[in-house]
Amino acid sequence: MKTLYINIKQLLQVRPEGILKVRGADMANLPLIENAWLLTEDKIIKDFGAMDNCPHDIENKLDCSGKMILPTFCDSHTHIVFAASREEEFVMKIKGQSYEEIAAAGGGILNSARKLADTSEDDLYKSAAKRLEEVISYGTGAIEIKSGYGLSLDAEIKMLKVIRRLKKNYNIPIKANLLAAHAIPLEYKNNREAYIKLIIEEIIPLAAKENLAEYVDVFCEKGFFTVEETDSILKAGKAHGLVPKIHANQLAVSGGVQVGVENNALSVDHLEEITENEIEALQNSNTMPTALPSCSFFLGIPFAPARDIISANLALCLATDYNPGSTPSGNMQFVLSLACIKMKMLPEEAINAVTINGAYAMGVSETHGSITKGKAASFIITKQIPSYAYIAYSFGENCVDQVIF
Ligand code: NIG
Ligand code: FE
C-alpha cells in the first residue's frame with residue numbers, strides 16, 4: 001500500500017544512499033526539506049520532496065501540518081530484560097553510597113541476577129515487552145538488548161530467549177548482545193577463571209549455535225573484568241561469529257577502549273572517563289564511540305566529553321543504557337536533552353547521534369537511521385512543534401505524536 005505524508009513542516013535527516021554514519025564537523029549538519037512530502041510503499045521509503053512538486057495520484061494521504069518527520073531513534077545499548085526495579089539502591093545512593101560500594105556489597109548487577117534466576121521466561125518476556133512498547137512510544141524504532149543479568153549458562157540463555165521472542169513479536173530491528181561478562185557471580189568470587197572459562201567454553205558456543213545473539217559484550221572495568229579477560233572473551237565471541245561491543249571507561253580509565261578497538265568492536269560504550277589516549281585509539285578505527293548520558297545523570301558521574309570526541313573528527317553515538325541499576329529510563333528524547341544541556345552538543349549533533357550513528361552502532365544503518373529512498377519506512381511524526389531544537393529543549397515532554405514502522 002502507498003501512503004503519502006503531506007505538508008510536513010520539516011522532513012529531517014534526509015540523506016542520499018550509502019551514508020552509514022557521520023563524524024566530526026559533519027555532525028552539526030542535519031539535512032532537511034522544508035514543507036515536504038514523503039511517500040512510502042509496503043514499509044519502504046519510496047520518495048520525498050518539497051510540496052510544490054507533490055504527487056497528485058495517491059489516495060491514502062496523511063496531513064502533517066505543523067509537524068516534523070524524522071527517522072526513529074536507534075537505541076544501540078539497552079538492558080531491558082530484567083526481573084525487577086532497584087529503587088532500594090537508589091535510596092542507598094541518596095544516602096551517600098556509591099555505585100561501586102553498592103555493587104561490592106552484593107547489590108547492583110548481582111542483585112538483579114538473583115532476582116532474574118527466580119523469574120520465569122514468561123514473566124521476563126511480559127515485563128520486557130511492556131518496556132519495549134513504552135520506548136517505542138517515545139520514538140525508538142530499533143533497539144539492541146543485552147543479556148547479563150543471568151550470569152549462569154541457563155539464565156543467560158533464558159534472557160537471550162526472551163530477546164528472541166521480542167524479535168519474533170515486534171516488527172522493529174532488535175539485536176541481541178551476549179553480556180555474560182557483566183559481573184563475576186558470587187559463587188565464582190574466589191575462582192573467577194572458572195567463570196571466564198564457562199563463558200568461553202559453554203555460554204558463547206551455545207548462544208552462537210542456537211543463533212541467540214549477534215554481539216558479545218564485556219563490562220571492562222575495575223572490579224569487574226580486566227583487559228586480559230576482556231580480550232579473551234571478545235576473541236572467543238569472534239571465533240563463534242559474534243561481533244564485539246564493549247562497556248568501557250564508565251568508572252575509571254580501564255583500557256577497555258583500546259581492547260575494544262583492537263578487537264574491531266562495533267562500538268565502545270560509556271566513555272565517561274577518557275583521555276587523549278582513548279581518543280587516539282578511536283581515530284583510524286571503525287569503532288563507534290557511544291555515550292550514555294542518562295547513566296551519567298542518574299549516577300551523578302561525569303558525562304562523556306562529547307566536544308573533545310567530535311573535535312577529534314570522530315563520530316559519536318548516543319544511547320539510553322536502559323537498565324534497573326544505572327539508568328531506569330529508555331527515553332531517547334531525554335537523551336537528546338541531556339546531550340544538549342550537559343554535553344554541549346548542538347541539537348543537530350544530538351539528532352545525528354541518535355539516528356544515523358545509533359543505526360551504525362547496532363549494525364542497521366543500511367536500512368535505518370535516515371530518510372533515504374529504499375530504507376525502511378521507520379519514522380517519527382512529531383506533535384506540532386516550533387522547531388527540531390524544541391525536542392531537546394522541552395525536556396520531559398513527549399514530542400512524539402506517532403511512530404511509523
Ligand atoms: O551499563 N555498566 C554495567 N552495566 C550497566 C549497569 C548495570 C546495573 O547496575 O544493573 C550499565 O550501566
Ligand atoms: Fe550498559
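The largest cavity in this predicted model holds about 80 Å³ of space. A single cavity of 30 Å³ or more is counted. Its wall is a pleasantly mixed one: the lining of the largest cavity comprises four nonpolar, seven polar and one charged residues. Histidine appears there as H79, H182, H247 and H270, and the lining also includes Y99, I109, Y149 and F219. Q250, D321, N323 and S326 complete the set.

Several of these names return at the metal site. The iron ion (ligand 2) takes its protein donors from H77 (NE2), H79 (NE2), H247 (NE2) and D321 (OD), at 2.1 to 2.2 Å. Written along the chain, the donors of the iron ion (ligand 2) have the spacing H-x1-H-x167-H-x73-D. H79 sits in the loop between β6 (73-78) and α1 (87-94), while D321 belongs to the loop between β13 (317-318) and α12 (332-343), so this pair ties together parts that are 242 residues apart in sequence. H79 and D321 are both buried.

What surrounds ligand 1? There are 15 residues around this ligand, and Y99, Y149, H182, Q250 and S326 are the closest. Each of these five names can also be found in the lining of the largest cavity. Polar contacts to oxygen atoms of ligand 1 bring the iron donors back into view. The side chain of D321 places an N or O atom 2.8 Å from an oxygen atom of ligand 1, and for the side chain of H79 the corresponding distance is 3.5 Å. R86 contributes as well, with a polar side-chain atom 2.8 Å from an oxygen atom of ligand 1. For readers following the metal site, H79 and D321 thus serve as handy landmarks: both are donors of the iron ion (ligand 2), and both are found in the cavity lining.

Open space was examined in the same spirit. The largest pocket has a volume of about 380 Å³. Its lining is made of 16 residues, of which A103, A104, L110, I184 and G223 are the closest to the pocket centre. Two elements, α2 (99-104) and α3 (108-117), give two or more residues to this lining. The greatest contribution comes from α2, with three residues. By class, the lining of the largest pocket divides into nine nonpolar, three polar and four charged residues, whereas the lining of the largest cavity has one charged residue and seven polar ones.

Key: Residues numbered from 1 in each chain as written. Chains lettered and ligands numbered in written order. Predicted model: local features only at pLDDT ≥ 70, side-chain atom pairs only at ≥ 80, totals over all residues. Heavy atoms only, no water. 1 Å grid on protein atoms, 1.4 Å probe; cavity = no way out; pocket = protein on both sides within 12 Å on 5 of 7 lines; lining within 4 Å. Points joined across faces, edges and corners; volume = space filled by probe spheres on them. Nonpolar A, V, L, I, M, F, W, Y, C, P; charged D, E, K, R; others polar. Donors = N, O, S within 2.8 Å, 3.2 Å for Na, K, Ca; no water. Helix = DSSP H or I, 4+ residues; strand = E, 2+ residues; numbered from the N terminus. Buried < 20%, exposed > 50% of the residue type's maximum accessible area, 1.4 Å probe, protein only. Near = heavy atom within 4 Å.
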